[in-house]
Amino acid sequence: MDLRPTIREDEGAVVILDQTRLPAEPAWVRLETLADAAHAIRSMQVRGAPLIGVTAAYGVALGLAADVSDMHLADVIATLAATRPTAVNLHWALARMQRVLQNSALPTRRETAWREARAIAAEDRSANQAIGHHGFALLEPLRRQGATLQIMTHCNAGRLATVAHGTALAPIYAMHAAGIPVHVWVSETRPRNQGLLSAWELAEAGVPHTLVADNAAGLLLMQGRVDAVIVGADRIAANGDVVNKIGTYLKALAARAHGVPFYVAAPLSTIDFSCAAGSAVPLEERAAAELGAGTVAVANPAFDITPAELVTAVVSERGVARPVEIGRWNC
Ligand code: MRU
């Protein structure tokens with residue numbers, strides 16, 4: 001098992017695990033330029049809100065290799081900001097890089113960019129570790145006596161979507177490490193099949209899991225085979241609405257219908273306090289080719305909005321809060 005972080009520095013370059021080649025083969029790819037970093041995000045070699053943010057931060061450092069001027073910095077940030085619209089971590093990381101770099105003298109600007117990107121990566125790792133800890137305390141009591149805890153997740157909000165640990169999967173890894181019997185229902189997540197990524201990393205970590213078609217989730221919830229649903233987020237609005245991978249909303253509806261708690265795990269970098277409600281979040285529309293549908297008309301929204309009232313609680317590095325209470329983390 002290769003548990004190296006999904007992104008790491010290597011002598012002035014950045015090395016990533018190419019997720020477009022998983023689960024078939026783990027392949028590490030070197031990003032050497034701004035164009036490499038932008039391509040990695042756009043093509044989903046890296047994906048998942050936190051990892052997109054960290055890659056963008058490193059992309060700024062790569063982009064300043066030959067020119068550290070204000071004008072070039074603005075171009076670099078604009079290039080990266082245009083890669084994907086929904087995950088706010090991308091824009092959060094770029095705003096942070098901009099803020100730090102505009103206060104940095106030109107001779108040390110490049111070095112400052114690497115240092116800040118490194119700090120963002122390190123903070124992601126520690127935030128997710130804390131999410132694991134808080135999520136453990138939330139989920140473990142749901143285990144029925146003597147039984148295996150049955151958790152459902154959607155998309156991939158595991159270590160592959162972050163620098164390490166994952167968000168929604170962090171509590172599961174923490175429970176597994178503590179010897180608590182846990183099994184994960186992993187939904188396939190059409191059309192990009194990020195469920196296969198979750199299955200791949202859960203298998204690597206030895207966590208029992210079962211892959212199901214997206215549309216099997218309602219039946220499993222109806223049959224009482226799920227104790228809790230936990231997913232990640234690409235952006236959480238100030239009112240607690242959650243924007244996440246397409247299909248999340250249907251799971252939240254089914255969970256509510258069957259009295260199963262629905263949790264969202266995300267670091268503070270995923271909460272957009274400047275965005276009043278989920279309806280204001282730009283939802284990425286992806287290529288028709290992803291549905292493999294020749295010449296028929298296709299709509300391919302990549303994300304949906306789960307209203308705050310369907311979310312039992314949000315887990316962040318600060319702890320657990322009801323969606324209407326996340327404002328207390330805004331400091
Ligand atoms: O299109 P993707 O694969 O980047 O979408 C990823 C998701 O929707 C994840 O659930 C979300 O980013 C949380 S990752 C910790």
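Me: What makes the space taken by the ligand a cavity in this predicted model?

Reply: The space taken by the ligand is the largest cavity. The term applies because a 1.4 Å probe fits at its grid points but cannot get out.

Me: What share of the ligand's accessible area does the protein cover, and which polar contact may be named beside it?

Reply: A polar side-chain atom of Arg-84 lies 2.8 Å from an oxygen atom of the ligand. The protein covers 100% of the 410 Å² of accessible area that the ligand has on its own.

Me: Why is the pair formed by Asp-234 and the ligand called a polar contact?

Reply: In the side chain of Asp-234, an N or O atom is 2.6 Å from an oxygen atom of the ligand. The cut-off for a pair of N or O atoms is 3.5 Å, so this pair is a polar contact.

Me: What makes the pair involving Asn-244 a polar contact?

Reply: The side chain of Asn-244 has an N or O atom 2.8 Å from an oxygen atom of the ligand. That value is within 3.5 Å, and the pair therefore qualifies.

Me: How many residues surround the ligand, and which elements supply at least two of the shell?

Reply: The ligand is surrounded by 18 residues, and the closest are Arg-47, Arg-84, Asp-234, Asn-244 and Lys-245. At least two residues of the shell come from each of α2 (49-63) and β9 (242-245). By class, eight residues of the shell are nonpolar, six are polar and four are charged.

Me: Why is the ligand said to lie between domain 1 and domain 2?

Reply: Both domain 1 (7-125) and domain 2 (132-329) give residues to the shell, so the ligand lies between them.

Me: How do you know that the peptide bond joining Leu-22 and Pro-23 is cis?

Reply: Its omega is about 0 degrees, and the bond is cis. Pro-23 belongs to the loop between β2 (13-17) and β3 (28-31). The bond from Arg-190 to Pro-191 is also cis, with omega near 0 degrees. Pro-191 is placed in the loop between β5 (182-187) and α7 (194-205).

Definitions and conventions
Residues are numbered from 1 along each chain as its sequence is written. This is a predicted model: local features need pLDDT of at least 70, side-chain atom pairs count only at pLDDT 80 or more; totals for chains, interfaces and linings use all residues. Side-chain values use heavy atoms; hydrogens and water are left out. A residue is near a molecule or strand if one of its heavy atoms lies within 4 Å of it. A polar contact is a pair of N or O atoms within 3.5 Å; within protein, one must be able to donate a hydrogen and the other to accept it, and residues adjacent in sequence count only if both atoms are side-chain atoms. Accessible areas come from the Shrake-Rupley method with a 1.4 Å probe; for residues, only the protein chains shown count as cover. On a 1 Å grid over the protein atoms alone, a cavity is a set of points where a 1.4 Å probe fits but cannot get out, and a pocket is an open set with protein on both sides within 12 Å along at least five of seven lines; lining residues have an atom within 4 Å of a point. A molecule sits in a cavity or pocket if more than half of its atoms lie within 2 Å of its grid points. Helices (H or I, at least four residues) and strands (E, at least two) are DSSP runs, numbered from the N terminus. Ala, Val, Leu, Ile, Met, Phe, Trp, Tyr, Cys and Pro count as nonpolar, Asp, Glu, Lys and Arg as charged, and the others, Gly among them, as polar. Domain bounds come from an automatic or database domain assignment.
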